[in-house]
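Subject: A structure for you to look at

Hi,

Here is the structure I promised to pass on to you. Have a look around first, and then read my notes below.

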Amino acid sequence: MKIAVAGAGYVGLVTAACLAELGNEVICVDIDEDKISSLNGGIIPIYEPGLEELAIRNKNRHRLAFSTDLRRAIKESDIVFICVGTPPKENGEADLSHVENVARTIAEVMDSYKVIVEKSTVPVETGDMVAKSIKAYNVHKADFDVVSNPEFLREGSAVSDFMHPDRIVIGSGSEKAVKIMQELYMPLNVPIIFTDIKSAEIIKHASNSFLAAKISFINAIANICELAGADVEKVAEGMGLDKRIGRHFLNAGIGYGGFCFPKDAEAFIRISEKLGYDFKLLKAVQETNFAQRKLFVRKIEKALWVVKGKAIGVLGLAFKPDTDDMRFAPSISIINDLQGEGAEIKAYDPKAMQKAKEVLKGVEYCSSPYDAAKDSDALVIVTEWNEFKEMDLKKIKSLMKHPLIVDGRNIYNPDLMKKEGFTYISIGRKDVV
Ligand code: UGA
C-alpha cells in the first residue's frame, strides 16, 4: 500500500520504517528541513535500537522516502498516518494545532478516497474533530474515513513493540477503512480489537494511566516497606505472580518520567474534567509520582548530612535505559535540587549526555561511570542502564572519597553491597550502613 506518515518524530519514524519493512511504500514527512536532510543522508536523529538499520535498509530498497512535501505525500497515498506532536499546553491539555494543520492540508489536497489514521496520542473526540475539519475544508469533495489506531510503543524497544505488539486497536465507523487497516496489519499476525473511534482513543489514555498507576502504587508500597522494615522487591514478586496483577511495571524507584506518562496522565485528568468527571485517582497517581523524586533527594541529603560542597556522581540521565531521551527525565529535577543545595554534580550516561547538556547546566559530564565515581562523596543511580549493573564495584569503591551509593532503581543486591563494604541506600528496602 502507499502510505504517507505526517511527522518524523519518534512515533512517525518508527511507524514509517516498520510499515516500509512490511512491504509498503512509505513517505515520511516533516516540516523540519534539517531533520529531513539528515534523514536523507542516513542520519537518524534519535537513538532507538534497530531503527537506523531498518530505516536505511528500506530507504535503499526505495520503500521509504523522507520529504518536507506533505501535499505530494498525501496525494500519492492511500493511507495517511497522523504522527505529529501533541505537546502539553501550560494548563496540561494537549496542543492539537499540528494535528489540525495536517487535517486541513489533507482536506485541501486529497482528490481520491483516503484513510486518515490518527496515531498521535490525542484527547478523546479528536477523531471526530479531524473528520469535521476535513469535511469543512474538503476542496475536491473526496471520500475519506478517519481511524483511530493508537500506538503503544515504548522508547528503547519501539521497533520490536511495533513488529510484535500485544494487540492492535482499530477504531472506526467504516467497514471499508477497517478492511484496509486489517490488510495493512495482516503480516503481523496479532490480535486486533475493532471498536468505535472514541473507545480506541480512551484505550490509549486508559492504558498509559493504568501503567502509571501501577508504578505509583508500588512506589507507595515501597515507602510503606521502608517504614515497616520490609522489602519491596519481595513484595512486588509476591504480588506479581498473581496473574491478575502481573510483575510488569511494579519496579519501585524514583517514579515515571519521559514524554508520555507525565503528560498523558495530566491530559487525561483535563479531558475527564472537561467531560464532567473529577479523576481524583489519577491526580493522586501524579502526586505520588512527583513526590517520589523529592523523597529520593531527601534520602541523598540524609545520607550525606550536609550536601553543600559535596561531590555527587550521578549515573544515568535519560528517563529510562536504551534511549537518549531527556524529556521529563527525573534526573533533571533531582540534579537541580541537589545543585540548589550546593552539591557539585559529576554525571555520566551512555547515550543521553549530548541532550542532557541542553537542559542541565553546571554539571561536569564524565567519560565513564568510574570517572563519575572518582573523588565523589556519593554515587547516585538514576537510570538502570545495564552498564551500571555490570560495574567493577571494587574499582568504584577504591575511586570514591566515601563508599556511599544511593540507588533510585534498586539495581544491586543489598547483601552483595554489604560484602563489598558500601553504605547502600535503595528504594523500599533496608539500608545497608
Ligand atoms: C510508555 C508506554 O509504556 C507505551 O506503551 C506508550 O506507547 C508510550 O508510553 C507512549 O504513550 O508513547 P515509554 O514512555 O517509552 O512508553 O516508557 P515506559 O517503558 O513505559 O516507562 C515510562 C516510565 O516509567 C520510565 O520513566 C520508567 O523508568 C518508569 N517505570 C516503568 C518505572 O518507574 N517502574 C516500572 O516498573 C516501569
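The ligand is a good place to begin. There are 20 residues around the ligand, and those that come nearest are Glu151, Leu153, Glu155, Lys204 and Asn208. Please keep in mind as you read that this is a predicted model.

Three polar side chains are worth finding on your screen. Glu151 has a polar side-chain atom 2.8 Å from an oxygen atom of the ligand. For Asn208, an N or O atom of the side chain is 2.8 Å from a ligand oxygen. In the case of Arg409, the distance between a side-chain N or O atom and an oxygen atom of the ligand is 3.2 Å. How much of the ligand does the protein cover? On its own the ligand has 720 Å² of accessible area, and the protein covers 93% of that.

What kinds of residue make up the shell around the ligand? By class, nine are nonpolar, seven are charged and four are polar. Two helices to look for are α9 (197-228) and α11 (261-275), each of which supplies at least two residues of this shell. Helix α9 gives the most, with three residues.

Now zoom out to the whole chain. The protein chain is divided into domain 1 (2-195) and domain 2 (260-425). Each of these two domains provides at least three residues of the shell around the ligand. The C-alpha centres of the two domains are 34 Å apart. Where the domains meet, 16 residues of domain 1 are in contact with 18 residues of domain 2.

I also picked out three single residues for you to practise on.

Let's start with Ile74, which lies in helix α4. Is Ile74 buried or exposed? Its relative accessible area is 0%, and the cut-off for buried is under 20%, so Ile74 counts as buried. Leaving out residues up to four places away in sequence, Ile74 touches Ala4, Val80, Thr105, Ile106, Val109, Met110 and Lys114. If you would like to try the distance tool, the C-alpha atoms of Ile74 and Ile46 are separated by 25 Å, and these two residues are 28 apart along the chain.

A little further along, Ser77 sits in the loop between α4 (70-75) and β4 (79-82). Ser77 has a relative accessible area of 3% and is therefore buried too. What does the side chain of Ser77 reach? It reaches the backbone oxygen of Ala73, at 2.5 Å. Setting aside neighbours within four places in sequence, Ser77 is in contact with Lys2, Ile3, Ala4 and Lys114. You will have met Ala4 and Lys114 already, among the residues that Ile74 touches.

The last of the three is Ala352, found in the loop between β10 (344-348) and α14 (353-359). With 0% relative accessibility, Ala352 counts as buried. Which residues does Ala352 touch, not counting those up to four places away in sequence? They are Ala318, Asp324 and Met326. For another distance to check, try Ala352 and Glu108: they are 244 residues apart along the chain, and their C-alpha atoms are separated by 40 Å.

Enjoy exploring, and write back with any questions.

Best wishes

Technical notes: Residues are numbered from 1 along each chain as its sequence is written. This is a predicted model: local features need pLDDT of at least 70, side-chain atom pairs count only at pLDDT 80 or more; totals for chains, interfaces and linings use all residues. Side-chain values use heavy atoms; hydrogens and water are left out. A residue is near a molecule or strand if one of its heavy atoms lies within 4 Å of it. A polar contact is a pair of N or O atoms within 3.5 Å; within protein, one must be able to donate a hydrogen and the other to accept it, and residues adjacent in sequence count only if both atoms are side-chain atoms. Accessible areas come from the Shrake-Rupley method with a 1.4 Å probe; for residues, only the protein chains shown count as cover. Helices (H or I, at least four residues) and strands (E, at least two) are DSSP runs, numbered from the N terminus. Ala, Val, Leu, Ile, Met, Phe, Trp, Tyr, Cys and Pro count as nonpolar, Asp, Glu, Lys and Arg as charged, and the others, Gly among them, as polar. Domain bounds come from an automatic or database domain assignment. Buried means under 20% relative accessible area, exposed over 50%, partly exposed in between (1.4 Å probe, protein chains only). Contact means heavy atoms within 4.5 Å.
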